[in-house]
Amino acid sequence: MYIYTKTIFSSSLSFLSSLLTYPLFIILLFDRVSESSLSMATVSKLSNPSTAALSSSSVNTRSSSSLPKIFIGFHSKTGSTSKFASSHLSLRNNHALRAPLVVKCSAPGGNGSAAKRTTLHDLYEREGQSPWYDNLCRPVTDLLPLIASGVRGVTSNPAIFQKAISSSNAYNDQFRELVQSGNDIEAAYWELVIKDIQDACKLFESIYDETDGGDGYVSVEVSPRLADDTNGTVEAAKWLHKVVNRPNVYIKIPATAPCIPSIKEVISNGISVNVTLIFSIARYEAVIDAYLDGLEASGLSDLSRVTSVASFFVSRVDTLIDKMLEKIGTPEALDLRGKAAVAQAALAYKLYQKKFSGPRWEALVKKGAKKQRLLWASTSVKNPAYPDTLYVAPLIGPDTVSTMPDQALQAFVDHGTVSRTIDSNVSEAEGIYSALEKLGIDWTYVGNQLEVEGVDSFKKSFDSLLDTLQEKANSLNLVSL
């Protein structure tokens, strides 16, 4: 374990004193981690750079269970005859972090004390958006500074666990015990995941209680191999809900066509769901309807404990559409790069406002139903030419969640601006959406293609992790299963 700091030492006592009050960011890394494989990172500002140990209450484990400011703006060039052909996205240069970075490997000793207040607190308290963290690994106590800095929930997926388990030795002891006790590799995988989810749920339990079940969730995804299996997804969701056995767990179900009925069925069984891999407005509407249908079919007189989020992916939309625009190659097409994702997200929020109003919704509210919040996912910037808060700053609005990986979270805490932006100019978003259609961008194709890529990516991560665990079993001289 190493601690890297960009601090210049001085013999001056006054200078040293100033250093102790200078806000720092910390990024936590796993042992043996490379620069490209960050572990759980906190972007919490520290009141001082102390690395004193964090104390926390122990978290219960479970017994083995079998497996069943950035805005979009148009600026017309002189002499242009087309509103959109001459438009360009106003991009602000990426900010250099105002404080030195303290890079520290994950360790039981903790990661310092977090600042009392950050922009994440303002995001929730002023604008009603919940900041979540898109990462999870051991030790889960690495989440404590993030929670103190305003993070209110956690999302995970097969890729996150593949990275966490394969790059750390923190799972070895439990894995050895599981395999030696007769679990096969996949069953052992789920035991490792379930423990992390349970431990994380415990850390966020107070937020869940304080908000009466409105926040403080930890998400765990069903096997990506079930993305085309309606009944298999339902059974897997029921099993995960039962074995995790925490009120603040979200069972993640992909928004594939075969899983839309699964969402309805799982919700009707009183299980809270994070619907993931949503890439189009049409599929998002189907997800909302599945949630409403499930609430109505539940037969429950009190719906207050059945909640859901709809994870609408953002940056990946620009990644694909930008390539299509570059292939078209006209000035109008090139000027629309980096605008599609945020525009579509703004229209998704417009749909959200429409669907969660009116007689049908009001009837459910009388039974205690909560809105299925929009959750902005895939918020990290893939194109380095774009501002590092591009998929966070323009998507701020009430009753939403923004789940951010290390890069996006750190950037927003450092220089993000808290202001309601998601519906500040819906007509402009509609204009962008239509302009892309006129250029030949097929939104249905985009949604379907990204869904296929997303499912395939998670399947590959899942399969790769199982291979890694088999190799780990061999290296630990365990029985090959």
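## Salt bridges, rings and a helix

The side chains of D196 and R138 come together in a salt bridge, 2.6 Å from N to O; the term covers a side-chain nitrogen of Lys or Arg within 4 Å of a carboxyl oxygen of Asp or Glu. D196 sits in helix α6 and R138 in the loop between β5 and α3, so the pair ties together parts that are 58 residues apart in sequence. D196 is buried, with a relative accessible area of 1%, and R138 counts as buried at 10%. Buried here means under 20% relative accessible area, exposed means over 50%, and partly exposed is in between (1.4 Å probe, protein chains only). Helices (H or I, at least four residues) and strands (E, at least two) are DSSP runs, numbered from the N terminus.

Before going further, some ground rules. This is a predicted model, where local features need pLDDT of at least 70 and side-chain atom pairs count only at pLDDT 80 or more, while totals for chains, interfaces and linings use all residues. Residues are numbered from 1 along each chain as its sequence is written, and side-chain values use heavy atoms, with hydrogens and water left out.

### More salt bridges

Searching the whole structure turns up 23 salt bridges. Here are some of them, with the N to O distance:

| Pair | Distance |
|---|---|
| D196 and R138 | 2.6 Å |
| R225 and E186 | 3.4 Å |
| E451 and R283 | 2.8 Å |

Take R225 and E186: R225 is in the loop between β7 and α7 and E186 is in helix α6, so this bridge ties together parts 39 residues apart in sequence. How exposed are the two ends? R225 counts as partly exposed at 43% relative accessibility, and E186 is partly exposed too, with a relative accessible area of 21%.

The bridge between E451 and R283 links distant parts of the chain, with E451 in helix α16, R283 in helix α9 (residues 281–297) and their positions 168 residues apart. E451 counts as buried at 14% relative accessibility, and R283 counts as buried at 18%. Elsewhere, salt bridges with shared partners join R117, D122, E125 and R126 into one network.

### Rings

On to the aromatics: the whole structure has 15 aromatic pairs. Rings of Phe, Tyr and Trp (its six-membered ring) pair if their centres lie within 6.5 Å; planes under 30 degrees apart count as stacked, over 60 as edge-to-face and the rest as tilted. Y189 and F462 make an edge-to-face pair, with 5.2 Å from centre to centre and 90° between the planes. That pair links distant parts of the chain, Y189 in helix α6 (residues 185–210) and F462 in helix α16, 273 residues apart. Y189 counts as buried at 3% relative accessibility, and F462 counts as buried at 1%.

Y433 and W443 go the other way: their ring centres are 4.2 Å apart and their planes at 5°, so the pair is stacked. Y433 belongs to helix α15 and W443 to helix α16, 10 residues apart. Y433 is buried, with a relative accessible area of 16%, and W443 is buried at 6%.

There's also one aromatic cluster formed by Y291, Y349, Y352, F356 and W361. F462 has another neighbour as well: S223 touches W190 and F462, leaving out residues up to four places away in sequence, where contact means heavy atoms within 4.5 Å. S223 lies in the loop between β7 (218–221) and α7 (230–244).

### Helix α10

Helix α10 (residues 315–328) has 14 residues and spans 20 Å from its first C-alpha to its last, close to the 20 Å expected at 1.5 Å a residue; the expected span is 1.5 Å times one less than the number of residues. Its buried residues are S315, V317, D318, L320, I321, D322 and L325. Among the elements covering them are β10 (308–313), α11 (331–335), α12 (340–355), α15 (426–438) and α16 (443–475). Just after α10, G329 takes a positive phi of about 80°.

### Backbone oddities

Most residues other than glycine have a negative phi, and most peptide bonds are trans. Which bond is cis? The one joining R138 and P139, with omega about -5°. P139 is in the loop between β5 (129–134) and α3 (144–148).

D212 is not a glycine, yet has a positive phi of about 55°; D212 lies in the loop between α6 and β7. N245, also not a glycine, has a positive phi of about 55°, and N245 is in the loop between α7 and β8 (249–254). D212 counts as partly exposed at 43% relative accessibility, whereas N245 counts as exposed at 54%.
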